[in-house]
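Colleague: I have not looked at this structure before. Could we go through the labels and ask what each one rests on?

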Amino acid sequence: MKRILGTIWIGFMLLAMSGCVHQELLLPGTGSSSYSAPAEQNATVDVSDLNVNVQEEQVVTRLPFPVSEYSRLPRSGNATVKGSIYVIGPNGEKVYGKQTRLYLNPVTSYSRQWYQESYLGGKKMAKADPRLFNYLRFTTSDASGHFAFYGVPAGRYYLIGVVRCAQQCGYDTPQTIRVAKEIDVPQNRTVDVDLSKDLDQ
């Protein structure tokens, strides 16, 4: 009997070590198996090419990172950018980007190439130069899709975020939809922005 139990125990341990035993990651105090990476971890991710429509076979080489152009950008300010992020589904319903990451990307020759080639053109860009992340500003929308950036330097920016939806947007499976808009941020001002995309256009 001991030999049989020992064999069963060894078999179970081998099965567990092989990765065949599935274990969900649960958030403390919740019954949810969803997991959100810490903000500082997300900030290192190249979020510039998140789009279901990106053509994977066409990878565009990025321009050399223009150090002098970025060094002239102001690093501090007191403007505010706030608003809502959403897409408009086929039936005209607004689907908000709830608790999603958004970022402000200063308009430069480097970011303009991304906007024209990737966002408007649907092509996949090569990975961004890591120095770019020194100039991005991140925030997260709330459960209603509202967001705010504070202490923003005056200038022009691409405001970028994603909305995740499925049937409400006419898809069979959940999709990540990228939404971007060029905005002007005056000094000492609050800019209200509807960051939106009509999926029928």
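**Labels and their grounds**

Modeller: Thr100 touches Ile85, Thr139, Thr140, Ser141, Val162 and Arg164, leaving aside its neighbours within four places in sequence. The model is a predicted one.

Colleague: Where is Thr100 placed?

Modeller: Thr100 sits in the loop between β3 (94-96) and β4 (101-106).

Colleague: Why is Thr100 called buried?

Modeller: Its relative accessible area is 2%. Buried means under 20%, so Thr100 is buried.

Colleague: What makes the side chain of Thr100 and the backbone oxygen of Val162 a polar contact?

Modeller: A polar atom of the Thr100 side chain lies 3.0 Å from the backbone oxygen of Val162. The cut-off is a pair of N or O atoms within 3.5 Å, and 3.0 Å satisfies that distance.

Colleague: Why does Asp198 count as partly exposed?

Modeller: Asp198 has 24% relative accessibility. Buried would need a value under 20% and exposed one over 50%, so at 24% Asp198 is partly exposed. Asp198 belongs to strand β10 (residues 190-198), and its side chain reaches the backbone nitrogen of Asp200 at 3.0 Å.

Colleague: How far is the C-alpha atom of Asp198 from that of Tyr86?

Modeller: The two C-alpha atoms are separated by 9.0 Å, while the residues are 112 residues apart along the chain.

Colleague: How do you know that the span of helix α4 is close to the expected one?

Modeller: Helix α4 covers residues 109-120, which is 12 residues. The expectation is 1.5 Å times one less than the number of residues, given as 16 Å for α4. From first C-alpha to last, α4 reaches 15 Å, close to that value.

Colleague: What caps the N-terminal end of α4?

Modeller: Thr108 does, with a side-chain oxygen 3.2 Å from the backbone nitrogen of Tyr110. Just after the helix, Gly122 takes a positive phi of about 75 degrees.

Colleague: Which residues of α4 are buried?

Modeller: They are Tyr110, Ser111, Gln113, Trp114, Tyr115, Ser118 and Tyr119.

Colleague: How many aromatic pairs does a search of the whole structure find?

Modeller: There are 12 aromatic pairs.

Colleague: Why is the pair of Phe65 and Tyr110 called edge-to-face?

Modeller: The ring centres are 5.2 Å apart and the planes stand at 75 degrees. Pairing needs centres within 6.5 Å, and planes over 60 degrees apart count as edge-to-face, so this pair is edge-to-face. Phe65 lies in the loop between β1 (55-60) and α3 (67-71) and Tyr110 in α4, so the pair ties together parts 45 residues apart in sequence. Both Phe65 and Tyr110 are buried.

Colleague: Why is the pair of Tyr70 and Tyr135 called tilted instead?

Modeller: Here the centres are 4.9 Å apart and the planes are at 45 degrees. That angle is neither under 30 degrees nor over 60, so the pair is tilted. Tyr70 is in helix α3 and Tyr135 in the loop between β5 (123-125) and β6 (137-140), so the pair ties together parts 65 residues apart in sequence. Tyr70 and Tyr135 are both buried, and Phe65, Tyr70, Tyr110 and Tyr135 form one aromatic cluster.

Colleague: What does the secondary structure come to?

Modeller: The protein has four helices and 10 strands. Of its 201 residues, 36% count as buried.

Notes: Residues numbered from 1 in each chain as written. Predicted model: local features only at pLDDT ≥ 70, side-chain atom pairs only at ≥ 80, totals over all residues. Heavy atoms only, no water. Helix = DSSP H or I, 4+ residues; strand = E, 2+ residues; numbered from the N terminus. Buried < 20%, exposed > 50% of the residue type's maximum accessible area, 1.4 Å probe, protein only. Polar contact = N/O pair within 3.5 Å; in protein donor to acceptor, adjacent residues only side chain to side chain. Contact = heavy atoms within 4.5 Å. Phe/Tyr/Trp six-rings, centres within 6.5 Å; stacked < 30°, edge-to-face > 60°.
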